[in-house]
Amino acid sequence: MFNKLLHEPYDIVLEEKDTWENIRLSQPTFQLVYIREGNGHYHINGNRYEYHPGKLFLITPDDRYHCDIARHTAFTIIRFTQLFITQLKDDAERLELCDWMKKTDYIFNNYHTKAGCIFRDAADETTAQALLGSIAREHQQHGKGYQLIIRQSISILLNLIARNLLMSETPDVQENNGPFSVLRMISYLQEHIYQPEMLRMPALAAHFNMSVHYLGEYFKKHTGESIQDYVIGYKLKLVDIRLSYSNMRVREIAQELGFTDESYLSRLFKKYRGTTPGIYRKMNRKQETAR
């Protein structure tokens, strides 16, 4: 392994490999990995998937992954920090910025993204492939305005991914049994994390056509934690991101994520993180500066 530091909010890597060598990145980085040619198997967090040209995988900073390359493989890899997302919009467009944060939160925490089966709409998949080709071409040629074109292409690509992931959450796509139901529940919780009324047990039970008691038992059986604990843990991950990569006030974060007030969020954050939101933000901003 070797370290690689991103000096910009995003990085485009075009590479071809016959064998896989892991890269240790020096800061939390989200990645889109696109297979241009070749085949083999892709391993992520203990799961194994076949890959071939056209496959697109999404990777979060905490994922463990590698590839078993069967045939010479060409990759297009787009790496970016959460800072890149916040820079897509000016601070004056705060509402649109929050919408972007919500989309990336959903994209990179949606379980189905790991398998590479992202696109449900053939036209969207064709558009995505064209965008990936454009990104690679602009990165290689460095023509006039190439940075703006790359940024806008990535933003459109993320929109397409988000739309198709939402399409995949319909009952006719996901089987209504076993762990597939849990994946649907998790996706539903992530999608509606900003709508507290949609996360209450009666609302969840009605949506999934289960009793409140059975729903709670079923979720805990398949995940090892209660729905309430899952929601709290997921919200705190979103708080981490906002404290580290945005200028949102704690009061604004609490309001956006449906906490009772700033004081409640601060108490909860300290309980689970061992420090206050303010200190956490200072510590993580210092780490980013040091890098």
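This report describes the strands, charged pairs and aromatic contacts of one protein chain, taken from a predicted model.

**Overall make-up**

The protein chain has 291 residues, of which 47% count as buried, and its secondary structure consists of 11 helices and seven strands. Among the contacts between residues at least 6 apart in sequence, 65% join residues at least 24 apart. The chain exposes about 15000 Å², and carbon and sulfur atoms supply 49% of that area.

**Strand β4 and its partners**

Strand β4 covers residues 30-44, and 11 of its 15 residues are buried, so this strand is largely enclosed by the rest of the structure. What does β4 pair with over 13 bridges? The partner is strand β7 (residues 65-80), and the two strands pair in the antiparallel sense. Within this pairing, E37 has A74 of β7 as its bridge partner, while H41 is matched with D68 of β7.

Strand β4 also runs antiparallel to strand β6 (residues 56-59), to which four bridges join it; in this case V33 has F57 of β6 as its bridge partner. With strand β5 (residues 47-51), β4 pairs in the antiparallel sense over five bridges, one of which sets I44 against N47 of β5. Strands β4 and β5 form a hairpin with two residues between them, and N45, which lies in the turn, has a positive phi of about 50°.

Strand β7 has a further antiparallel pairing, with strand β2 (residues 10-17), over eight bridges. In that pairing T73 of β7 is the bridge partner of K17, a lysine that returns below among the ring contacts.

**Salt bridges**

Side chains of opposite charge can pair when their charged atoms come close. In this model the count comes to six salt bridges, and the table lists some of them with the separation of the closest N and O atoms.

| Basic residue | Acidic residue | Closest N and O atoms |
|---|---|---|
| R36 | E16 | 4.0 Å |
| R242 | E256 | 2.9 Å |
| R249 | E252 | 3.8 Å |

The salt bridge of R36 with E16 has its closest N and O atoms 4.0 Å apart. Because R36 lies in strand β4 and E16 in strand β2, the pair ties together parts that are 20 residues apart in sequence. Is R36 buried, partly exposed or exposed? R36 counts as partly exposed, because its relative accessibility of 33% falls between the limits of 20% and 50% that separate buried from exposed residues. E16 is likewise partly exposed, with a relative accessible area of 49%.

In the salt bridge between E256 and R242, the closest N and O atoms are 2.9 Å apart. This pair links distant parts of the chain, with E256 in helix α9 (residues 250-256) and R242 in helix α8 (residues 227-245), 14 residues apart. Both E256 and R242 are buried.

R249 and E252 form a salt bridge whose closest N and O atoms are 3.8 Å apart. Here R249 counts as exposed at 52% relative accessibility, whereas E252, with a relative accessible area of 22%, is partly exposed.

**Aromatic rings and the charges over them**

A search of the whole structure finds 12 aromatic pairs. How are the rings of F269 and Y280 arranged relative to each other? Their arrangement is edge-to-face, with 5.2 Å from centre to centre and 80° between the planes. This pair links distant parts of the chain, since F269 belongs to helix α10 (residues 262-273) and Y280 to helix α11 (residues 277-290), 11 residues apart. F269 is buried, as is Y280.

Ring pairs also link W20, Y42, Y51, F57, Y65 and F75 into a cluster. One member of this cluster, F57, is the residue of β6 that has V33 as its bridge partner. Another member, W20, has K17 over its face, at 4.1 Å from the ring centre. K17 is therefore involved in two of the features described here, as it is also the bridge partner of T73 in β7. A second lysine, K235, lies over the face of F259, at 5.2 Å from the ring centre.

How values were computed. Residues are numbered from 1 along each chain as its sequence is written. This is a predicted model: local features need pLDDT of at least 70, side-chain atom pairs count only at pLDDT 80 or more; totals for chains, interfaces and linings use all residues. Side-chain values use heavy atoms; hydrogens and water are left out. Rings of Phe, Tyr and Trp (its six-membered ring) pair if their centres lie within 6.5 Å; planes under 30 degrees apart count as stacked, over 60 as edge-to-face and the rest as tilted. Buried means under 20% relative accessible area, exposed over 50%, partly exposed in between (1.4 Å probe, protein chains only). A charge sits over a ring if NZ of Lys or CZ of Arg is within 6 Å of the ring centre and within 35 degrees of the ring normal. A salt bridge is a side-chain nitrogen of Lys or Arg within 4 Å of a carboxyl oxygen of Asp or Glu. Contact means heavy atoms within 4.5 Å. Accessible areas come from the Shrake-Rupley method with a 1.4 Å probe; for residues, only the protein chains shown count as cover.
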